[in-house]
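Trainee: I'm new to this one. Can we go through the charged pairs together?
Mentor: Sure. Let's bring it up.

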Amino acid sequence: MQIHTLDKAQLINEVQLGNNLNQAVEGGRRADFALMLAMLSPDHLETIPVDALPKPGKTEPELRAYFELQDPQPLSTTEHCYDNGAAQAKAFHSSGIADARLLHELQPTALNFPPQGTKGIPEEVYHNLSGHERRMLPPKEDATIKASPQDLYLSLIHAKRFAEMYQTA
């Protein structure tokens, strides 16, 4: 019976001893100090403080789905923004500002409508150019690379063959 009570009385860290450990050191009571150290748990997993990790917060799409909110207002134009803008303008002219605001809240338009067909130049600058200068502008192309691994392999083989031909000549 006494064995079970000793197992339950085992200390996990020094804080449970209070000032007794310090008083034993200051008073020179080696036996008390050794007994208190022996009563401490030898398992280091018990003495290491482990805090529970906080639960991860919900992401924005999860919160929007939970509160049944629509998608946020887009920052730049999409293909539907021009149609939504035209519908809002028509609602404003036919029914007033209340209907235009309602349509804007139901289907928000983009915050930014960059100019189209100006080849990446601001609209004020593009319209100040002459027709000849506009024709001289390079066409705006997308920056995606149109290559495949097979094309790369073939071009490397051609480069190797040309290098071999010119080194032997």
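Mentor: Start with arginine 161, which forms a salt bridge with glutamate 164. Their closest N and O atoms are 3.3 Å apart. Keep in mind that this is a predicted model.

Trainee: Where do arginine 161 and glutamate 164 lie?

Mentor: Both are in helix α10, residues 149–168. They sit three residues apart, about one turn of the helix.

Trainee: And is arginine 161 buried or exposed?

Mentor: In between. Arginine 161 has 47% relative accessibility, so it counts as partly exposed. Glutamate 164 is partly exposed too, at 35%.

Trainee: Why would such side chains pair at all?

Mentor: Opposite charges can pair when the charged atoms come close.

Trainee: How many salt bridges are there in the whole structure?

Mentor: A search finds three.

Trainee: OK, next one. What does arginine 64 pair with?

Mentor: Glutamate 60. The closest N and O atoms of that salt bridge are 3.3 Å apart.

Trainee: How far apart are arginine 64 and glutamate 60 in the helix?

Mentor: They are four residues apart in helix α5, residues 60–66, so about one helical turn separates them. Arginine 64 is partly exposed, with a relative accessible area of 22%.

Trainee: Hm, 22% sounds low. Where does buried begin?

Mentor: Buried means under 20%, so arginine 64 at 22% stays partly exposed.

Trainee: Which side chain meets aspartate 32?

Mentor: Arginine 29, in a salt bridge with an N to O distance of 3.3 Å. Aspartate 32 is partly exposed at 32% relative accessibility. Arginine 29 is partly exposed as well, at 38%.

How values were computed
Residues are numbered from 1 along each chain as its sequence is written. This is a predicted model: local features need pLDDT of at least 70, side-chain atom pairs count only at pLDDT 80 or more; totals for chains, interfaces and linings use all residues. Side-chain values use heavy atoms; hydrogens and water are left out. A salt bridge is a side-chain nitrogen of Lys or Arg within 4 Å of a carboxyl oxygen of Asp or Glu. Buried means under 20% relative accessible area, exposed over 50%, partly exposed in between (1.4 Å probe, protein chains only). Helices (H or I, at least four residues) and strands (E, at least two) are DSSP runs, numbered from the N terminus.
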